[in-house]
Amino acid sequence: IKLSDIHTKARKLLEKGISIEQVNNVFYKENGDIKPLFDDLKSTKISESQIRLSLLEAFKNAITTGDFSFNIDTIKNLCDTYKCYDGPNFAANFKNNRKLFMEDYKKGSALSLSPDGKARLVEIVKEIAS
């Protein structure tokens with residue numbers, strides 16, 4: 001991924017302390033699609049892993065669209081893939097982390113990151129990239 005591949009709005013996040021090298025340690029580009037490189041979310045808690053996947057998915061989407069948002073159903077599928085889906089507590093986890101998102105959790109809806117969510121995302125990218 002080159003800096004020119006990253007949407008202008010997403011580049012603003014890089015100014016908060018993420019290098020292009022760190023982005024390339026977390027994601028890669030294949031046939032025009034941005035894909036995750038990470039296998040390890042660097043968390044042992046299911047609830048924390050769910051939030052990390054949500055923030056990383058929002059960043060992945062922002063790289064191409066500039067929009068730091070994600071679909072709840074996509075996160076459920078990713079949680080299944082990364083073995084961190086906790087059905088009974090899935091919605092509650094988003095509600096408990098409300099400050100990271102602009103909207104309230106609604107089943108099947110999309111959420112976008114708040115300024116707090118973007119700040120947390122910077123920390124997570126640095127941690128996973130290291």
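**Exercise 1. Determine where R120 and E123 lie and how their side chains are related.**

*Solution.* Step 1: Place the two residues. In this predicted model, R120 and E123 both belong to helix α6, three residues apart, which is about one turn of the helix.

Step 2: Examine the side chains. Those of R120 and E123 form a salt bridge, with a distance of 2.9 Å from N to O.

Step 3: Assess the surroundings of E123. Its relative accessible area is 45%. Buried residues fall under 20% and exposed ones over 50%, so E123 is partly exposed.

Step 4: Widen the view. R120 and E123 are linked with E48, R52 and E127 in a network of salt bridges. The structure as a whole holds nine salt bridges.

**Exercise 2. Describe how helix α3 and helix α6 pack, and state which residues make the contact.**

*Solution.* Step 1: Choose the descriptors. Two packed helices are described by the angle between their axes and by the distance between those axes.

Step 2: Read off the values. Helix α3 covers residues 46-65 and helix α6 covers residues 115-129; they pack at an angle of about 100°, and their axes are 10 Å apart.

Step 3: Classify the angle. Angles of 65 to 115 degrees count as roughly perpendicular, and α3 and α6 are therefore roughly perpendicular to each other.

Step 4: List the residues in contact. Helix α3 contributes E48, R52, L55, L56 and F59, while helix α6 contributes G117, R120, L121, I124, V125, E127 and I128.

Step 5: Sort them by class. The contact of α3 with α6 has seven nonpolar, one polar and four charged residues.

Step 6: Connect this with Exercise 1. E48, R52, R120 and E127, which take part in the contact between the helices, also belong to the salt-bridge network that includes E123.

**Exercise 3. Explain which parts of the chain the salt bridge between D5 and K29 ties together.**

*Solution.* Step 1: Establish the salt bridge. The side chains of D5 and K29 meet at 3.1 Å, N to O.

Step 2: Locate the partners. D5 lies in the segment before α1 (8-14) and K29 in strand β1 (residues 27-30), so the pair ties together parts that are 24 residues apart in sequence.

Step 3: Describe the setting of K29. With a relative accessible area of 41%, K29 is partly exposed. Leaving aside neighbours within four places in sequence, K29 is in contact with I1, D5 and I34.

Step 4: Compare with a pair that is separated in space. K29 and F101 are 72 residues apart along the chain, and their C-alpha atoms are separated by 26 Å.

**Exercise 4. Decide whether E57 is buried or exposed, and name the residues that it touches.**

*Solution.* Step 1: Locate the residue. E57 is found in helix α3.

Step 2: Apply the cut-off. Buried means under 20% relative accessible area; at 9%, E57 therefore counts as buried.

Step 3: Identify the contacts. Not counting residues up to four places away in sequence, E57 touches S69, F70, T74, I75 and L78.

Step 4: Take one of these contacts further. E57 and L78 are 21 residues apart in sequence, and their C-alpha atoms are 9.1 Å apart in space.

**Exercise 5. Set out the surroundings of S112 and of S114.**

*Solution.* Step 1: Place each serine. S112 is found in strand β4 (residues 110-112), and S114 lies in the loop between β4 and α6.

Step 2: Judge the accessibility. S112 is buried at a relative accessible area of 14%, and S114 is buried at 5%.

Step 3: Find the polar partners. The side chains of S112 and E103 are joined by a polar contact of 2.6 Å. For S114, a polar atom of the side chain lies 2.5 Å from the backbone oxygen of K99.

Step 4: List the contacts, leaving aside neighbours within four places in sequence. S112 is in contact with F68, S69, L100, F101, M102 and E103. S114 is in contact with K99, L100, F101 and M102.

**Exercise 6. Characterise the salt bridge between R98 and D104.**

*Solution.* Step 1: State the distance. The closest N and O atoms of R98 and D104 are 2.4 Å apart.

Step 2: Consider both partners. R98 has a relative accessible area of 33% and is partly exposed. D104, at 45%, is also partly exposed.

Terms used:
Residues numbered from 1 in each chain as written. Predicted model: local features only at pLDDT ≥ 70, side-chain atom pairs only at ≥ 80, totals over all residues. Heavy atoms only, no water. Axes fitted to C-alpha atoms, helices over the stretch in contact; angles between N-to-C directions. Helix = DSSP H or I, 4+ residues; strand = E, 2+ residues; numbered from the N terminus. Parallel < 35°, antiparallel > 145°, perpendicular 65-115°, else oblique. Contact = heavy atoms within 4.5 Å. Nonpolar A, V, L, I, M, F, W, Y, C, P; charged D, E, K, R; others polar. Salt bridge = Lys/Arg side-chain N within 4 Å of Asp/Glu carboxyl O. Buried < 20%, exposed > 50% of the residue type's maximum accessible area, 1.4 Å probe, protein only. Polar contact = N/O pair within 3.5 Å; in protein donor to acceptor, adjacent residues only side chain to side chain.
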